[in-house]
Amino acid sequence: MNAFAPRTPRHRKADANADALLRAELAELLPPPPVPELAPERDRELRHTVLRSALASGDGSVAHPPRARRSRGGLRLGWIAAPVAACAVVAGVAVLAPQEGPTGSPGRVSAGQPASPEAVRFLSGAALAAAAAPAPDARPGGYVYVRSLVAHAGRDAAGGPAALPPAHQREVWLSVDGSRPGLLREPGAADTELGAEAPVYELDGPGATPRKTTLAAAAPSVTNPTHTFVATLPTDPDALLRLVQDQTRAGEGDADQRAFTAIGTLLAETWAPPKVTAALYGAAARIPGVTLLPSAKDAAGREGVAVARTAHGEQTQWIFDRATSAFLGERTVLTETTSAGSAGTVLGLSAVLAKASAPAPGVLPKG
């Protein structure tokens with residue numbers, strides 16, 4: 001899960017013209033503070049967030065640039081608990097986002113070292129264990145509840161190395177079929193409604209009169225999943241990997257890392273049927289560059305083994321229980337010394353504590 005991210009509703013990327021206008025308007029409204037160098041996609045997300053806040057109207061509406069593709073976003077743990085969520089600047093502190101390199105070949109497994117034999121063996125065992133696990137009892141009209149611990153490294157906007165705060169609890173309620181708004185709850189913050197269609201203003205150009213419209217609901221996908229959608233995913237690992245690659249081809253950076261990240265997010269933030277979870281592990285075992293680490297700890301301090309992949313100076317680790325092969329959480333670690341810190345610096349941690357069905361947002365599962 002790269003995580004846990006969570007994450008908060010996600011904004012879809014605007015096209016090149018919209019992005020250029022967004023940057024111009026942002027430059028007039030808010031001089032950008034010195035923040036860590038970001039990948040293009042993360043940079044766009046930050047600027048969208050800041051500009052929308054700056055243009056917020058009295059009725060809670062926000063302004064959007066022309067032709068920007070709008071969606072009712074999903075979450076990450078990089079929705080809900082991912083260690084490295086989209087960069088945000090709050091009170092002079094920048095939350096770090098992963099840096100990504102050149103885009104790989106879309107939809108294909110890139111050439112390179114295959115997954116290590118140790119990783120393949122472990123993931124095969126994890127798949128067998130997952131296939132024998134009880135099936136989720138989430139029902140149409142209900143909600144999937146996920147409780148986790150998350151921590152995201154941040155650095156002062158003026159610079160300096162990243163610092164990881166103590167992990168905090170994160171609770172999320174997601175509509176099983178995506179038809180109704182969900183809820184995100186974190187200590188010290190107001191509850192956040194997820195997936196609700198909100199009024200927005202769209203700009204046709206500089207100086208144009210804003211037009212009122214609403215956010216459009218995005219179709220369920222690997223990067224915007226619902227429980228119902230996840231339940232329909234292929235149970236053949238090869239077919240599932242092809243689907244993941246196809247639906248993540250528009251992202252930035254290494255294609256294999258995008259697939260690895262997306263699978264991690266599905267493992268962390270959704271409650272998949274046993275055969276689908278098994279197929280996710282099988283698909284991960286087919287991604288080049290996947291390795292096995294003998295020891296790693298999640299945000300709850302639970303020690304286990306980790307399936308990991310390194311790309312562009314960062315290593316994403318999925319942590320598993322050593323005895324049961326159950327998925328515990330994620331960790332993101334710098335493998336190279338950068339302005340954010342020395343090699344070995346932890347950028348994010350998560351731990352999945354509970355997944356269950358709930359009758360309504362804010363209502364805890366029984367038992």
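Colour the protein chain by secondary structure: seven helices and 17 strands appear. These are DSSP runs, helices being H or I of at least four residues and strands E of at least two, numbered from the N terminus. The model is predicted, so local features need pLDDT of at least 70 and side-chain atom pairs 80 or more, while totals for chains, interfaces and linings use all residues. Residues are numbered from 1 along each chain as its sequence is written, and side-chain values use heavy atoms, without hydrogens and water.

Next, select the open sheet of nine strands. Its order is 10-9-8-6-17-16-15-14-13, with antiparallel pairing; strands pair if DSSP finds at least two bridges between them. Strand 10 (192–194) and strand 13 (291–297) stand at the edges, each with a single partner, so one side of each has no neighbour in the sheet.

Now pick strand 6 (residues 143–152) and strand 8 (residues 168–175). They pair in the antiparallel sense over eight bridges. Find L149: opposite stands Q169 in strand 8.

Move to the aromatic side chains. Five aromatic pairs are present, counted when ring centres of Phe, Tyr or Trp (its six-membered ring) lie within 6.5 Å; planes under 30 degrees apart are stacked, over 60 edge-to-face, the rest tilted. Select F122 and F320: this pair is edge-to-face, 5.2 Å centre to centre, with 70° between the planes. F122 sits in helix 3 and F320 in strand 15, 198 residues apart.

Add Y281. With F320, Y281 forms an edge-to-face pair at 5.5 Å and 65°. Both are buried, meaning under 20% relative accessible area (exposed is over 50%, partly exposed in between; 1.4 Å probe, protein chains only). Finally, show F327: F122, Y281, F320 and F327 form one aromatic cluster.
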